[in-house]
Amino acid sequence: APAVAQKRTTREWQQADSAHFLHPFTDHHGLSSKGSRIITKAENIYLWDSEGHKLLDAMSGLWCVNVGYGQQALIDAATRQLKELPFYNAFFQTATPPSIEAAELISSVTPPGFEHVFFTGSGSEGNDTVVRMVRRYWDILGQPERQVIIGRVNGYHGSTMAGASLGGMSGMHAQGGLPIPNIVHIDQPYQFEHGRGMDRDAFGLKAASWLEDKILAVGPEKVAAFIGEPVQGAGGVIIPPKSYWPEIQRICDKYGILLVSDEVICGFGRTGNWFGCETMGSKPDLMTFAKGVTSGYIPLGGVAVGGRVAKALIEQGGEFQHGFTYSGHPVACAVAVANIKLIQQLKLVEHVRDDVGPYLAQQFASLRDHPLVGETETCGLMGAMLLVKDKSTGTTFPGEVDIGMVCRGHCFANGLIMRAVGDRMIIAPPLVMTRAQIDEMMALIRRCLDLTL
Ligand code: PLP
């Protein structure tokens, strides 16, 4: 195990933490009594806390550390760039070599037609950019009445006002007057909730038809775009039927509306292709990315811009009055370049598609023999299992039993980081994971499920 830096005792860290650090998505009542777990070191797919406990990180941090921890190529790229040129912006007709190289390299790994890249600092800013870009596009085309963007219930597109509005997280919408105007939602393609007992592909077509219903209800001439994650991540790894995305594509084409694929989680190899839309069979106009673009080593996000929108913005639109100080940050872009080259060199996309993805699918399916596990599904290196009270009837636990959090607690105490979304336990481990490490993870998962029983 790597040595653990101990400038203070764990208790001292926790006291300073609860005194000063306002955490994202955290109930601070729990924090002040129990204290945060202080994570101090990482290597490959493992983390260590301030007490020296080792944890297998089956969530890649927050779905981002695709190449695993401790990759020297990324560390060297950041160090080199920090020394040479730590910052210069890309406003007002300037650029830096890493920002140019990152844009070029990203467009070389995106599906055909994505020749341009706009950089942001995060996925949320990427989706804010999408809202402005989509509306700007329709303005340029002389259809400014196309303002409405359709997202999905339980989708997640970030935490800024626009990101949280595009998303369909009810808890977020309950705070602070969201969504902002002209953003509406359709139900998610979650068969357990909306189509139990139906043929899978028939359910996919039905779920996609909700988009057409919504377009017609809003008025097709007012709809600007549809946005969705290829596989909903934060919503609980909701994997749509194969029929869903091609049908969504057909409906968007029929009404001429822009299709936006939020690739913040699914991008950069997670689903066994470079981008989730390739796995799911859609051809979006815009793709938001973040997380895996730098494997989380440094913040970077952006929007890959397809031909139709790029042409309008570049050839017809004049100046797009939008950008961030850190759009194209040279250090972040240098890390992105090193990260993408490493994904290529290690053949991680193929590794997920041909080797560990199918292996994980097999191993996850075998969990169905466990008395708590109702259903399992995987896509590339994302997986979910639904915990149920009664397998024979598919009855879930009553509302007062937070079975997911109970299970997560056992994982946390037993060296495994898995996330709970309601009754769904989910994973998205680093793409460098080996079959032997999947076996190790599965043994931990089984142990924690037994403890949860
Ligand atoms: N979009 C998706 C699909 C995400 O999962 C996330 C974050 O989890 C975001 C957008 C927001 O990204 P960020 O947290 O970098 O702002």
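In this predicted model, the C-alpha centres of domain 1 and domain 2 lie 26 Å apart. The protein chain is divided so that domain 1 comprises 10-67 + 347-452, while domain 2 covers 73-345. Where the two domains touch, 26 residues of domain 1 and 23 residues of domain 2 take part in the contact. On the side of domain 1 that touches domain 2, two or more residues each come from helix 3 (60-63), helix 15 (348-365), strand 11 (373-379), strand 12 (382-387) and strand 15 (424-427). Helix 15 gives the most to this side, with 5 residues. In composition, the residues on this side of domain 1 divide into 16 nonpolar, 6 polar and 4 charged.

Several of the strands just named also belong to a sheet, to which we can now turn. Here 4 strands form an open sheet with antiparallel pairing, in the order 11-12-15-14. Strand 11 and strand 14 (419-421) stand at its edges with a single partner strand each, so one side of each is left without a neighbour in the sheet. On average, and with direction ignored, neighbouring strands of this sheet are turned by 25° against each other. Within the sheet, strand 12 and strand 15 run antiparallel and are joined by 4 bridges; Leu386 stands opposite Arg424 in strand 15. Helix 16 (residues 403-413) lies across strand 12, strand 14 and strand 15, and runs at about 180° to strand 14.

A further set of strand pairings centres on strand 9 (residues 286-289). Both faces of this strand are covered: Leu286 and Thr288 are buried on one side, as are Met287 and Phe289 on the other. Strand 8 (residues 258-262) runs parallel to strand 9, and 3 bridges join the two. Strand 10 (residues 301-306), in contrast, runs antiparallel to strand 9 and is joined to it by 4 bridges. Met287 is a handy residue for following both pairings, as the bridge partner of Ser261 in strand 9 is Met287, and Met287 in turn stands opposite Ala304 in strand 10.

The surroundings of the ligand complete the picture. The ligand is surrounded by 16 residues, and the closest are Ser122, Gly123, Ser124, Gly158 and Val264. Helix 6 (residues 123-140) gives the most to this shell, with 3 residues. By residue type, the shell around the ligand divides into 6 nonpolar, 8 polar and 2 charged residues.

Definitions and conventions:
Residues numbered from 1 in each chain as written. Predicted model: local features only at pLDDT ≥ 70, side-chain atom pairs only at ≥ 80, totals over all residues. Near = placed C-beta within 6 Å. Nonpolar A, V, L, I, M, F, W, Y, C, P; charged D, E, K, R; others polar. Buried ≥ 20, exposed ≤ 12 C-beta atoms within 10 Å, placed from the backbone. Pairing = 2+ DSSP bridges. Domains from an automatic or database assignment. Contact = placed C-beta atoms within 7 Å. Axes fitted to C-alpha atoms, helices over the stretch in contact; angles between N-to-C directions.
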